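Please work through the exercises below with the sequence and the structure side by side, and try each task before reading its solution.

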Amino acid sequence: MKRFMYILLLLPLLGCSDFLDEVSQDKLVPEKTDHFAALLLNEFNFDYPIFRDIDYMTDNIVEDSKALTSDKFANKTTYTWQQEIEIDEDGNEITSINRSWGRMYEDIAIANYVIELIDEAIGAPEDISYIKGEAYFVRALSYFNLLNLYGQPYNETSSGVDLGVPLRKDIGVEATYNRDTVEAGYTSIEEDLLLAIDLITNSGSEKSIWHPSVATCNLLMSRVKLYQKKWDEVIRYANEVINVKSLSKLSANSPLISESNSEVLYSYYGTSPLFRLYSSGTNLRSLSYFVNTELVNLYDDADIRKDAFFLPVSDISGNITYRTKKYELGLFSELGFANFRVAEAYLNRAEAYAQKGEYNNALNDVKTLHAYRYSNVSNIVYPSDDSEILGYVLNERRKEFCFEDHHRWFDLRRMENRPEIEHRFTLIEDDGSKLGTEIYTLLSNDINYTLPIPLDERENNPLIYNNERYVKIPVLED
């Protein structure tokens with residue numbers, strides 16, 4: 001939390017000087033509500049701290065077996081779920097990995113600063129109320145992501161002792177600190193969201209799509225309850241979204257995420273997460289990793305999402321594989337690269353219904369979504385066996401939210417019956433010669449589903465307890 005410790009010293013550098021008043025020769029502080037709003041927006045929206053290698057750890061991507069080892073190597077530690085993801089097998093530190101911790105605590109520090117000082121700002125009471133509510137939302141979302149990256153997966157019987165992440169709700173500085181429990185983390189998130197809902201509601205303000213609304217807060221609360229398996233509350237908060245917002249028809253030829261689309265509640269993260277899942281070319285050799293065909297095969301020909309979410313690429317032999325459109329501005333999104341949208345409310349509710357044994361309600365929610373995602377729904381075959389419906393809903397989540405935010409990794413973490421994931425890493429020399437293939441496995445109950453605390457955090461705070469993880473040793477194949 002080094003960036004957190006010095007956040008007060010950095011505040012003048014984090015906002016645009018146009019929004020800050022100079023009150024002395026060496027200090028700039030926000031005074032007006034506009035200043036606080038700009039500080040919060042600039043900090044959180046432009047460079048949202050998603051864990052950028054998140055998809056490499058899931059079952060949604062596979063390697064390009066023809067790509068050179070040197071081209072794939074930068075992502076190998078996450079792709080193969082290594083014990084230390086910031087140190088490669090040659091002993092070199094990878095500085096671009098595992099930066100989400102510091103960035104999220106920076107966002108939390110800004111939110112804490114706004115929450116503590118906004119009441120004294122110059123401006124209308126309704127503006128103060130909204131900005132404070134937005135800060136609570138930012139803090140809740142930041143802690144939710146931190147908890148599901150670095151904390152243990154939620155378990156009702158052990159959440160009171162399982163380690164989560166450190167919780168800070170003030171702007172003080174501490175040299176050392178300990179991790180709070182998972183239960184404390186979820187309690188804090190829920191408290192913040194309830195305050196956000198009240199404050200934004202009381203403000204009476206309608207902001208742009210770049211700011212959270214009451215519906216956005218309710219959708220996040222529905223997600224939070226889903227992860228805790230509180231099914232009735234999932235349904236309650238999903239209803240709050242569905243009752244006021246609607247789905248929209250998907251088109252393969254225009255971006256789903258646009259300012260005019262009423263399905264989009266909130267758009268953020270303006271920096272593209274472009275990595276090796278992206279290529280502007282059409283030749284497979286220009287890719288190091290690509291979309292798992294197992295995922296693509298879940299979509300049938302009438303499912304518009306197949307063409308809306310993916311672009312086909314072919315290798316030199318004419319074999320077709322895919323890259324995702326979701327990392328390319330203008331193809332899936334005209335706005336941000338992370339979004340809250342109404343589809344999640346339906347799928348959260350469908351999963352809760354399935355878990356409660358209300359199978360018809362679960363299927364009805366999926367059918368409602370399909371009416372906006374399929375060109376023709378008449379040939380869709382739905383499960384006739386109740387025991388298959390939960391799995392069907394979870395597959396719909398995978399199809400709908402692939403390559404967005406942290407969705408697939410977080411869904412895998414919370415599953416009771418996780419799939420075993422196998423990743424192959426083919427060793428190709430720079431001269432094109434193949435040395436063999438390494439096969440790595442993420443087990444169903446694998447402790448490597450929880451990320452290690454970042455190296456610099458452990459160095460700055462030696463008392464913090466790191467997460468236990470396995471050393472991953474591959475099976476070798478010629």
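The exercises that follow concern a predicted model, and each task is followed by a worked solution.

**Exercise 1.** Determine which helix gives the most residues to the largest nonpolar core, and which core members touch the most other members.

Solution. The core is made up of 131 residues, and those that touch the most other members are Phe51, Phe137, Leu146, Tyr150, Phe310, Phe340 and Trp409. The helix that gives the most to this core is α7, which spans residues 125-150 and supplies 15 residues.

**Exercise 2.** Classify the relative orientation of helices α9 and α16, and describe their contact by residue and by class.

Solution. Begin with the axes of α9 (residues 214-227) and α16 (residues 407-414), which come within 10 Å and cross at roughly 30 degrees. Because angles under 35 degrees count as roughly parallel, α9 is roughly parallel to α16. Next, list the partners: Arg223, Leu226 and Tyr227 of α9 meet His407, Phe410, Asp411 and Arg414 of α16. Sorted by class, this contact holds three nonpolar, one polar and three charged residues.

**Exercise 3.** For Asn98 and Lys229, state where each residue is found and whether each is buried, partly exposed or exposed.

Solution. Asn98, although not a glycine, has a positive phi of about 70 degrees, and it is found in the loop between α5 (76-79) and α6 (100-117). Its relative accessibility is 3%, and since buried means under 20%, Asn98 counts as buried. Lys229, likewise not a glycine, has a positive phi of about 65 degrees and is placed in the loop between α9 and α10 (231-242). Its relative accessibility is 35%, so Lys229 counts as partly exposed. As background, most residues other than glycine have a negative phi.

How values were computed:
Residues numbered from 1 in each chain as written. Predicted model: local features only at pLDDT ≥ 70, side-chain atom pairs only at ≥ 80, totals over all residues. Heavy atoms only, no water. Core = buried A, V, L, I, M, F, W, Y, C linked by side-chain atoms within 4.5 Å. Buried < 20%, exposed > 50% of the residue type's maximum accessible area, 1.4 Å probe, protein only. Helix = DSSP H or I, 4+ residues; strand = E, 2+ residues; numbered from the N terminus. Axes fitted to C-alpha atoms, helices over the stretch in contact; angles between N-to-C directions. Parallel < 35°, antiparallel > 145°, perpendicular 65-115°, else oblique. Contact = heavy atoms within 4.5 Å. Nonpolar A, V, L, I, M, F, W, Y, C, P; charged D, E, K, R; others polar.
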